[in-house]
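I opened my notebook and went through this structure one item at a time. Here is what I looked up, in the order I got to it.

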Amino acid sequence: MSTTREIKGHEVVSPEEWLVARKELLEKEKKLNRERDALAAERRALPCVGVEKKYIFDTPSGSKTLAELFDGRSQLLIYHLMFAADWDAACLGCSYVADHFDGALVHLANRDVTLVAVSRAPLDKLWRFKQRMGWRFKWYSSYGSDFNRDFHVTFTKDELAAGQMYYNYKVQSFPMEEGQGLSAFYGDQAGSVFHTYSTYGRGVEAFINAYNLLDFVAKGRDEQDQKPIPMAWVRHHDQYESDYFAGILASVMPGASRSAPEATPSAPPKSKAHDCCSHHSP
Amino acid sequence: MSTPATAKPHKVVSRQEWLEARKELLAKEKKLTHERDAVAAERRALPWVQVEKNYLFDSPGGKKTLAELFDGRSQLIIYHFMFGPDWQEGCPSCSFLMDHTDPTLVHLAQRDVSFAAVSRAPISKIESFQKRMGWKFNWVSSGNNDFNRDYHVSFSPQEIQGKVEYNFELTEFPSTEAPGISVFYKDKNGNVFHTYSSYARGTETAVTTYNYLDLVPKGRDEDHLPFTMAWLRHHDRYDSGYLADANKPYWPDFNDPASSSR
C-alpha cells in the first residue's frame with residue numbers, strides 16, 4: 001500500500017543552476033495563481049437559483065430545513081459525502097476529503113461560511129462512523145428527502161443497471177449508487193435560500209490538503225502504479241498499517257507499530273469499504 | 001471580529017440558465033486543473049541541490065540532524081513557521097496553515113513523506129505554543145543554526161530596513177521572519193537533496209480554507225481589509241481577538257479596528 005520507490009539518477013546541480021530553473025518555474029506558478037484568482041472571480045459572478053423545495057434533514061437535534069443548516073451565517077457549503085443507507089462505512093475517498101474539514105471550520109465561520117456534510121445513510125450510522133473517525137464537523141442525513149437526487153449525487157438501481165446517470169454535468173457511466181461533490185448556498189435575511197454552485201469529480205481535489213502538499217514533493221502523488229484507481233492507496237485514517245505518530249518509535253524498533261489492522265476484530269472487512277472512483281475521472 | 005461584507009444583489013435565474021453558465025465555467029475549471037497538473041510535473045522535474053551543511057535542530061527529544069527529520073521516509077516537507085526568538089507566540093497566518101496540516105500527516109506518511117515545522121524560537125517556546133494550539137506535527141527549532149538564513153526566511157532587524165532576498169527576488173519585507181515551504185529528498189546512502197522551495201503565495205494552495213472560500217458568493221472577502229489576512233486570528237482567539245505580541249511582529253503595520261475596540 002505505501003510506497004518506498006526510490007528515485008534514481010535525478011539531475012543534481014549547483015545552487016546557482018537550480019535557482020535559474022526555479023525562477024523559470026516561479027513565473028509559471030505565479031501565472032497559475034492569477035488564473036486561479038480570475039476563475040474564482042468568475043465563479044462569484046455566476047448567477048444563482050432559488051431553492052423552492054422544502055428539504056428536511058435528520059440532525060442530532062431533530063429535523064432541520066436547508067435554511068436552518070446555515071447556522072446563523074449567510075453562506076453554506078455542503079459536502080455530499082458518499083455513505084449509502086446500506087453501507088457500513090463512508091467511502092474511503094470521501095473520508096480522505098472529510099479528514100481535512102475540522103481544521104477549516106473555525107476560520108470559515110469567521111468568513112461567514114458554515115461547512116457541513118450530508119449523506120443518505122441514516123443518522124445513527126453517520127454518528128457511529130463519526131465517533132470512530134473522531135470528526136467534529138456537522139453531518140446530517142438526507143435519508144428520505146430528494147436532496148441527494150436533486151443535486152445529482154445519488155443514482156437509482158435502474159440507472160446503475162443501465163450504466164447511465166447524470167453526474168458532473170453530463171450523462172456518464174458511474175460505478176456506484178452514490179457520488180461525491182460540494183454544493184454552495186446563499187441565504188438572504190428574508191430566509192430565502194439560493195443554490196450558487198456545485199462541483200463534482202476532481203472539482204473537490206483542492207480540499208484534499210494532502211494532495212496539495214504532495215504536489216510539492218519529488219515523487220508527487222506517486223499514483224501511477226495504483227490499481228484500479230489512483231486513490232487505491234487511501235484508507236480510513238485508522239486503517240493504515242502503521243500509526244503515523246508512532247513513526248519515531250518504529251524507526252528505532254522496526255515492526256514496533258506494524259500491527260495488521262485487518263486481523264483485529266474491530267476492523268471492518270475490506271470488502272465493505274467503498275471508494276470514490278470519481279475523484280480522478282477526467 | 002470579522003466584518004463580512006454584504007453580498008452584492010445577485011442575479012437569480014432559472015435552473016436551465018444557471019446550468020449553461022455553470023458548464024461554461026466547468027470547462028475553464030477543468031483546464032485549470034490540467035494546468036495545475038502540468039506545473040506539478042514541472043516541479044518534479046526540477047533539478048536538485050545536494051545539502052552539504054550539517055544542520056542541527058533542537059527538538060523536544062534533543063538535537064536532530066536534517067537527515068533525522070525524515071523519520072525513516074525519503075521525502076521531507078519543511079514548513080518555515082514564523083516564530084521569532086523574542087516573540088510570545090507564533091504567527092497567526094502560519095498557524096492558519098498549520099491548522100490544515102495535521103490532518104494530512106497520516107496520509108502523507110503513506111506516500112513516503114514526513115513533515116516538520118521549523119522556527120527560530122527556542123524549543124521551550126515552541127513546545128508550549130504547540131500545546132496551546134493542540135497540534136501534533138513535528139516542530140523543531142533552528143535558533144542555533146543557519147538554516148533559516150540559508151533558506152531565506154530570517155532577516156536581521158537592520159536588513160528589513162531595506163530590501164531582503166525573499167521569494168527569489170530583492171524585496172521589502174515587514175518581518176524578521178518569513179513563511180515558506182522547503183522540500184528535501186534523502187537517498188538510500190543518506191545523502192540529502194534540496195528539491196524545492198516556495199514562498200509567499202506559493203504555499204497558498206495548502207490553505208484549504210481559502211480553497212473553500214473561493215467557492216462561496218463572497219469569496220475571501222478581504223478587499224476592505226488593510227491587508228488580506230487581517231481578519232485572521234489563532235483558532236482559539238477569534239472570540240477575544242487577542243494577539244499576545246502588541247507590535248504584531250509577523251504582520252505589516254496596520255490599524256486594526258477590531259483589536260483597538262477591545
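I went to A:Pro228 first and found it in the loop between helix H7 (209-214) and helix H8 (247-252) of chain A. This is a predicted model, so I am reading computed geometry here. The peptide bond from A:Lys227 to A:Pro228 is cis, and its omega is near 0 degrees. I noted that most peptide bonds are trans.

**Positive phi**

Next I looked for odd backbone angles. Which loop holds A:Asn168? It is the one between strand S7 (165-167) and strand S8 (170-172) of chain A. A:Asn168 is not a glycine, and still its phi is positive, near 55 degrees. I also checked how covered it is: A:Asn168 has 19 C-beta neighbours inside 10 Å, so it counts as partly exposed. The cut-off for buried is 20 or more.

B:Ala200 gave me another positive phi in a residue other than glycine, near 55 degrees. I found B:Ala200 in the loop between S10 and H6 of chain B. It has 18 other C-beta atoms within 10 Å, which means partly exposed. I reminded myself that most residues other than glycine have a negative phi.

**Chain totals**

I tallied the elements: chain A has eight helices and ten strands, and chain B has seven helices and ten strands. In chain A, 38% of the 282 residues are buried. For chain B the figure is 45% of 262 residues.

Then I looked at how far apart in sequence the contacts reach. Taking contacts in chain A between residues at least 6 apart, 63% join residues at least 24 apart. In chain B, of the contacts with a separation of 6 or more, 65% are between residues 24 or more positions apart.

I sized up chain B too. Its C-alpha trace spans about 65 × 45 × 35 Å along the principal axes. Why did I write "agrees" beside its radius of gyration? Because a compact globule of 262 residues would have a value near 18 Å, and chain B has 20 Å.

**Where the chains meet**

How many residues of each chain are in contact with the other chain? I got 81 from chain B and 82 from chain A. On the chain B side, the elements that each supply at least two residues include H1, strand S4 (75-80), helix H2 (92-99) and strand S9 (180-186). H1(B) gives the largest share of that side, 19 residues.

So H1 got its own entry. Two packed helices are described by the angle between their axes and the distance between the axes. Helix H1 (residues 15-44) of chain A packs against helix H1 (residues 15-45) of chain B at about 160 degrees, with the axes 11 Å apart. That angle makes H1(A) roughly antiparallel to H1(B); the cut-off is over 145. H1(A) passes H1(B) in a left-handed crossing. On H1(A), the residues making the contact include A:Leu25, A:Leu32 and A:Leu39. On H1(B), they include B:Leu25, B:Leu32 and B:Val39.

**The nonpolar core**

In soluble globular proteins, nonpolar side chains tend to be buried together. The largest nonpolar core here has 119 residues, and A:Leu77, A:Leu81, B:Ile77, B:Ala116 and B:Tyr212 touch the most other members. I picked B:Ile77 and listed its contacts beyond four places in sequence. From chain A they are A:Leu213, A:Phe216 and A:Val217; from chain B they are B:Val113, B:Phe115, B:Ile181 and B:Val183. A second, separate core has five residues, among them A:Phe155, A:Met165, A:Tyr167 and A:Phe174.

**Two loop residues of chain B**

Is B:Arg120 buried or exposed? It is buried, because 26 other C-beta atoms lie within 10 Å. B:Arg120 sits in the loop between strand S5 (113-119) and helix H4 (123-133) of chain B. Beyond four places in sequence, it touches residues including B:Phe83, B:Gly84, B:Asn148 and B:Glu177.

I followed that to B:Gly84, which is in the loop between S4 and H2 of chain B. B:Gly84 counts as buried because it has 21 C-beta neighbours inside 10 Å. Its contacts beyond four places are B:Arg120, B:Ala121, B:Thr176, B:Glu177 and B:Pro249. My last note: B:Gly84 and B:Pro249 are 165 residues apart in sequence, yet 8.5 Å apart in space, C-alpha to C-alpha.

Definitions and conventions. Residues are numbered from 1 along each chain as its sequence is written. Chains are lettered from A and ligands numbered from 1 in the order in which they are written. This is a predicted model: local features need pLDDT of at least 70, side-chain atom pairs count only at pLDDT 80 or more; totals for chains, interfaces and linings use all residues. A nonpolar core is a set of buried Ala, Val, Leu, Ile, Met, Phe, Trp, Tyr and Cys residues joined through C-beta atoms within 7 Å. A residue is buried if 20 or more other C-beta atoms lie within 10 Å of its own, exposed if 12 or fewer, and partly exposed in between; C-beta atoms are placed from the backbone. Two residues are in contact if their C-beta atoms, placed from the backbone, lie within 7 Å. Helices (H or I, at least four residues) and strands (E, at least two) are DSSP runs, numbered from the N terminus. The radius of gyration is taken over C-alpha atoms; the globule rule is 2.2 Å times the number of residues to the power 0.38. Axes are lines fitted to C-alpha atoms, for helices over the stretch in contact, and angles run from 0 to 180 degrees between N-to-C directions. Angles under 35 degrees count as roughly parallel, over 145 as roughly antiparallel, 65 to 115 as roughly perpendicular and the rest as oblique. A crossing is left-handed if the near helix is turned anticlockwise from the far one by less than a right angle, and right-handed if clockwise.
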